[in-house]
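Visitor: I like to know what stands behind each label. Could you walk me through this one?

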Amino acid sequence: MSTSVTSKVGDSRKILTELPGPKSRALHERRKAVVSSGLTQGFPVYIERGDGAILLDVDGNQLLDLGSGIAVTSIGHAVSDLIDAVSEQVAAFTHTCFMVTPYEAYIEVCEALAELTPGTHEKTSALFNSGSEAVENAVKIARLATGRAAIVVLDHAYHGRTNLTLALTAKNMPYKDRFGPFAPEIYRVPTSYPFRDGLSGPEAARRAIDEIESQVGAHNVAAVLVEPIQGEGGFIVPALGFLPALAEWSKANGALFIADEIQSGFCRTGDWFAVDHEGVIPDLVTTAKGLAGGMPLAAVTGRAEIMNAVHEGGLGGTYGGNPVAAVAALATIKTMRDKNLAARARELGSTMLSALTELQRDTLIIGDVRGRGAMVAIELIEPGTTNPNAAAANAIVNYCRSQGVVAISAGTYGNVVRLLPPLVITDAQLSDGLSVLADAVRSVK
Ligand code: PLZ
């Protein structure tokens with residue numbers, strides 16, 4: 001391992017070699033011999049250190065991070081409070097298994113989740129390692145608590161890659177193809193996708209509810225599971241009124257309303273949670289990613305009577321709520337509070353949305369600019385149509401990467417470029433990133 005403790009990370013993008021540079025290319029060759037080619041290759045620039053919104057690669061290039069490792073490092077890279085908390089915990093003990101001999105940090109994380117998630121009702125949580133695991137457990141809990149089997153999910157949904165969560169995820173390639181058979185009793189209904197359906201929130205909700213009632217039967221539904229802003233599906237922001245109507249329908253019909261806030265939660269959209277925007281109070285909330293600043297931690301949080309309906313021993317796992325990840329979450333939440341990162345996300349959002357809306361006027365390939373807070377995207381189309389233009393999205397992402405800007409694509413049709421900067425990105429860094437993105441869009445015009 002060649003990481004040098006003396007290497008420093010600057011505060012702006014600086015490219016010294018072609019990208020990927022020679023050391024990254026050599027690592028990539030080594031990788032090919034031993035890492036399964038089933039993993040996405042992404043941007044094969046190998047990282048040595050990070051600081052704030054800058055990543056230093058093994059060739060000494062300083063990259064601007066506009067992806068936060070898919071909405072994970074919202075507080076930025078190398079945050080001293082998190083480093084201190086994790087280092088102290090590693091020195092104290094790394095693991096006991098909470099089910100064998102417990103420790104305080106797990107309780108503190110659950111206290112924070114009870115306080116921060118929507119609603120003032122009594123809540124309890126269970127902690128896990130990945131977003132997929134949290135979603136799987138939310139489904140288990142919902143079925144047990146309601147005594148019903150059917151889970152309703154939306155078109156364009158992404159909920160994970162394990163077998164049950166693949167059944168919940170919509171997109172075939174690359175996620176589901178030939179990995180089935182998938183778990184039964186999952187029903188998919190239309191989402192609210194204003195750019196493509198032109199429906200108001202209540203109209204889109206009516207369309208979804210009609211399908212649930214006619215094709216599933218309200219009394220069979222254990223839960224309606226939604227991402228309040230769909231992430232991998234293309235940063236689809238539902239029309240106002242859609243989420244409240246689905247939540248109300250669920251309540252009226254004895255079904256649980258589950259918000260998957262794994263990508264949209266923890267200040268990303270300018271509130272602690274994306275559902276806060278419309279005052280929706282879910283029965284269960286799944287969280288991960290931004291929760292622990294890069295350490296693997298996920299949670300299901302919900303109404304105490306639902307969460308506690310499970311028999312003792314029904315929930316668990318060796319590592320869930322690992323103490324190192326738990327203290328990382330506490331440091332992350334403290335940083336979000338101290339720096340008021342929800343407010344910063346709103347500022348970043350207004351800067352990004354106005355720059356991208358202006359860019360849209362100069363080009364025929366941006367069909368839609370959308371997002372909330374620091375979860376913003378452009379949807380690329382073939383000029384004069386609404387046909388998805390995945391080639392343009394790929395070209396834009398590749399151009400950004402060639403300039404040392406880490407951008408990522410999304411979308412059922414692969415035609416969305418999404419921006420998920422660390423919430424601590426500076427104005428100068430963001431404006432640099434947006435100008436590279438503008439050049440990228442113009443380069444494919
Ligand atoms: N729910 C809303 O966004 C993870 C997936 C990347 P895990 N999204 C990134 C990829 O290609 O695998 C995600 C999400 C929402 C659930 C998950 C799953 O979280 O921690 O990846 O299991």
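Visitor: Which residue just after helix 14 takes a positive phi?

Guide: Gly404 does, with a phi of about 85 degrees. Do keep in mind that this is a predicted model.

Visitor: What makes 18 Å the expected reach of helix 14?

Guide: Helix 14 runs over residues 390-402 and has 13 residues. The expected span is 1.5 Å times one less than the number of residues, and that gives the 18 Å. From first C-alpha to last, the helix reaches 18 Å, close to that expectation.

Visitor: Which residues of helix 14 are called buried, and what do they pack against?

Guide: Buried means under 20% relative accessible area, and the residues of helix 14 that qualify are Ala392, Ala393, Ile396, Val397, Cys400 and Arg401. Their packing partners are strand 12 (375-380), strand 13 (405-406), strand 14 (408-410), strand 15 (416-419) and helix 15 (427-443). As background, residues three or four places apart in an α-helix point the same way, because there are 3.6 residues a turn.

Visitor: Now the ligand. Why does Arg161 count as a polar contact of the ligand?

Guide: A polar contact needs a pair of N or O atoms within 3.5 Å. An N or O atom in the side chain of Arg161 is 2.7 Å from a ligand oxygen, so the pair meets that cut-off. Tyr158 also passes, with a polar side-chain atom 3.2 Å from an oxygen of the ligand. Lys289 places a polar side-chain atom 3.2 Å from a ligand nitrogen.

Visitor: How much of the ligand does the protein bury?

Guide: The protein buries 82% of the 510 Å² that the ligand exposes when taken alone.

Methods
Residues numbered from 1 in each chain as written. Predicted model: local features only at pLDDT ≥ 70, side-chain atom pairs only at ≥ 80, totals over all residues. Heavy atoms only, no water. Polar contact = N/O pair within 3.5 Å; in protein donor to acceptor, adjacent residues only side chain to side chain. Areas by Shrake-Rupley, 256 points an atom, 1.4 Å probe, with all protein chains shown as cover. Helix = DSSP H or I, 4+ residues; strand = E, 2+ residues; numbered from the N terminus. Buried < 20%, exposed > 50% of the residue type's maximum accessible area, 1.4 Å probe, protein only. Contact = heavy atoms within 4.5 Å.
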